Amino acid sequence: MTTHGPVMPIWNCGGCDLPWPCPTRKRELRAEYAGAPVSLALYLGSYLVQAAEDMPWTPAGALHRRFVGWIRQTARPAQAVQRRSKSAAPDRYERQ
């Protein structure tokens, strides 16, 4: 059990007092949800909704970046580019 849980309604980390999810909790979540990024996104999306209700003055974009914007950044950039180039479908309008 982690000590890096959210303290509501201020949404700071109970372990280190940084904005939640803190870097430690992000590492823990990446390990816990390894191979299940959609489940991680759904889990954090539910917290995003709760935080938006608790902090209506916070811009939606800031909350998005804080709660779910970092999820796709788990892969190294070279791997992400390589995956995109392999999966990219050829342009059907490309002249031959």
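Hi everyone, let me start with a cut-off: two helices count as roughly antiparallel when the angle between them is over 145 degrees. Keep that in mind as we look at this one, which is a predicted model.

First, the helix pair. Helix α2 covers residues 37–54 and helix α3 covers residues 60–69. They pack at an angle of about 150°, and their axes are 9 Å apart. That angle is over the cut-off of 145, so α2 and α3 are roughly antiparallel to each other. Their crossing is right-handed.

Who makes the contact? From α2 we have Ala41, Leu44, Gly45, Tyr47, Leu48, Ala51 and Ala52, and these meet Leu63, His64, Phe67 and Val68 of α3. By type, the residues of this contact split into 9 nonpolar and 2 polar, with no charged ones.

Now for the charges, over in helix α1, residues 23–32. How many salt bridges does the structure hold? The count is 2, and Arg25 takes part in one with Glu28 and in another with Glu32. Between Arg25 and Glu28, the closest N and O atoms are 3.1 Å apart. These two residues sit 3 apart in α1, so about one helical turn separates them. For Arg25 and Glu32, the closest N and O atoms are 3.8 Å apart. Put together, Arg25, Glu28 and Glu32 are linked in a network of salt bridges.

And is each partner buried or exposed? Arg25 is buried, at 10% relative accessible area. Glu28 is partly exposed at 27%, while Glu32 is exposed at 52%.

Thanks, everyone, happy to chat!

How values were computed
Residues are numbered from 1 along each chain as its sequence is written. This is a predicted model: local features need pLDDT of at least 70, side-chain atom pairs count only at pLDDT 80 or more; totals for chains, interfaces and linings use all residues. Side-chain values use heavy atoms; hydrogens and water are left out. Axes are lines fitted to C-alpha atoms, for helices over the stretch in contact, and angles run from 0 to 180 degrees between N-to-C directions. Helices (H or I, at least four residues) and strands (E, at least two) are DSSP runs, numbered from the N terminus. Angles under 35 degrees count as roughly parallel, over 145 as roughly antiparallel, 65 to 115 as roughly perpendicular and the rest as oblique. A crossing is left-handed if the near helix is turned anticlockwise from the far one by less than a right angle, and right-handed if clockwise. Contact means heavy atoms within 4.5 Å. Ala, Val, Leu, Ile, Met, Phe, Trp, Tyr, Cys and Pro count as nonpolar, Asp, Glu, Lys and Arg as charged, and the others, Gly among them, as polar. A salt bridge is a side-chain nitrogen of Lys or Arg within 4 Å of a carboxyl oxygen of Asp or Glu. Buried means under 20% relative accessible area, exposed over 50%, partly exposed in between (1.4 Å probe, protein chains only).
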